[in-house]
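Colleague: I am new to this one. Could you show it to me and let me ask how you arrive at your terms?

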Amino acid sequence: MPIRYPPIPSSEITEQNLYLQRRKFIRNSALGISSAMLPEIGTAARLHAAYSRYSTTEVATGYKEVTSYNNYYEFGTDKSDPADYAPSLKTRPWTISISGEVNRPRVWDIDALINTFPLEERIYRMRCVEGWSMVIPWLGFPLASLIHQAEPTGKAKYVEFTTLYDPAQMPGQRRAVLDWPYVEGLRMDEAMHSLTLLAVGLYGETLPNQNGAPVRLVVPWKYGFKSAKAIVRIRFTDQQPLTAWARSVPSEYGFYSNVNPAVDHPRWSQAKERRIGEFFKRNTLPFNGYAEQVAGLYRGMDLRKYF
Ligand SMILES: Nc1nc2c(c(=O)[nH]1)N[C@H]1C(S)=C(S)[C@@H](COP(=O)(O)O)O[C@H]1N2
Ligand SMILES: [Mo]
């Protein structure tokens, strides 16, 4: 089944969507392939209401930039390293274990996962803690769907996400840049929020390895490092997970890491950002522009203390 792009009703075709559509068409014809030949996500029929109310109408960052300017320390610390070295990562077979405080622990095969939960397109703003941002058309499903399926127990207060640990395939893991594997975490209500996605694609296609294939987290109101790539384990706990970044530099990377222009990183301001592809900086918005949807999760919390 070919992937239609953009998979939207014609009534919603805007200039931006036409731009995306044209771009996809051009790229595929340049490569001499049809989308029917693209691997793995043969599930376009299940694409639901794309350009949903969750999507930003801002212009998406170009496919080239989205897939060649990446942070993925398992493959090196240069922005170009993931595009250079991640493509050889073996993403099949791949399993994701669901464990901890759930009534239905299980091991999901990645393709079973992709075929079970309807995929949606969501165009999200993404803000890296380093001060750059992108707009990315993700393809994924709400993490909440998977959580419901797992039936968390009353003790489940947090969710921990672990990236593959395989130094043979991930050269960056042979260096002590972080205490591997990469671990991230969310509070249960953050994990259940309708904006929180498990992404398996972008720009209507299978997720490129450098962007976290076969499955990665996407939490658009938090700094990018919360959105762990190449996930192999999702564990429900009653304790706040010790994340890889908080473990290595606790003074700089808190558990919450909500995008907040009013709280500087200890070594730089977070007030502005450079949208990749643009020249002038933009003001960074509280919760990366998603305050209306998520500020309520943190009502009454001191966001300087819980950074
Ligand atoms: N496993 C893993 N996940 C990761 C990272 C990483 O180094 N390893 N980098 C994070 C950071 S800092 C950012 S900004 C985003 C970048 O995602 P992108 O390359 O798809 O834009 O991935 C996040 N997820
Ligand atoms: Mo980042």
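Modeller: Gladly; please keep in mind that this is a predicted model, and let us start with the ligand.

Colleague: What makes the approach of serine 227 to ligand 1 a polar contact?

Modeller: A backbone N or O atom of serine 227 lies 2.9 Å from a nitrogen atom of the ligand. The cut-off is 3.5 Å between N or O atoms, so this pair counts. Arginine 216 offers a side-chain N or O atom 2.9 Å from an oxygen atom of ligand 1, and a polar backbone atom of asparagine 71 is 3.3 Å from a nitrogen atom of the ligand.

Colleague: How much of the ligand does the protein cover?

Modeller: On its own, ligand 1 has 530 Å² of accessible area, and the protein covers 95% of that. Around the ligand are 17 residues, with Asn70, Tyr73, Glu74, Ser227 and Lys229 the closest. The shell has eight nonpolar, six polar and three charged residues.

Colleague: Why is the pair of phenylalanine 255 and tyrosine 256 called edge-to-face?

Modeller: Ring centres must lie within 6.5 Å and planes over 60 degrees apart. Here the centres are 5.3 Å apart and the planes stand at 90°, so the name fits. Both residues are buried, and both belong to a cluster of linked ring pairs that also includes Tyr158 and Phe287.

Colleague: What about phenylalanine 279 and phenylalanine 280: what makes that pair edge-to-face?

Modeller: Their centres are 5.0 Å apart and their planes at 85°, so that pair is edge-to-face too. Both of these phenylalanines, 279 and 280, are exposed.

Technical notes:
Residues are numbered from 1 along each chain as its sequence is written. Chains are lettered from A and ligands numbered from 1 in the order in which they are written. This is a predicted model: local features need pLDDT of at least 70, side-chain atom pairs count only at pLDDT 80 or more; totals for chains, interfaces and linings use all residues. Side-chain values use heavy atoms; hydrogens and water are left out. A residue is near a molecule or strand if one of its heavy atoms lies within 4 Å of it. A polar contact is a pair of N or O atoms within 3.5 Å; within protein, one must be able to donate a hydrogen and the other to accept it, and residues adjacent in sequence count only if both atoms are side-chain atoms. Accessible areas come from the Shrake-Rupley method with a 1.4 Å probe; for residues, only the protein chains shown count as cover. Ala, Val, Leu, Ile, Met, Phe, Trp, Tyr, Cys and Pro count as nonpolar, Asp, Glu, Lys and Arg as charged, and the others, Gly among them, as polar. Rings of Phe, Tyr and Trp (its six-membered ring) pair if their centres lie within 6.5 Å; planes under 30 degrees apart count as stacked, over 60 as edge-to-face and the rest as tilted. Buried means under 20% relative accessible area, exposed over 50%, partly exposed in between (1.4 Å probe, protein chains only).
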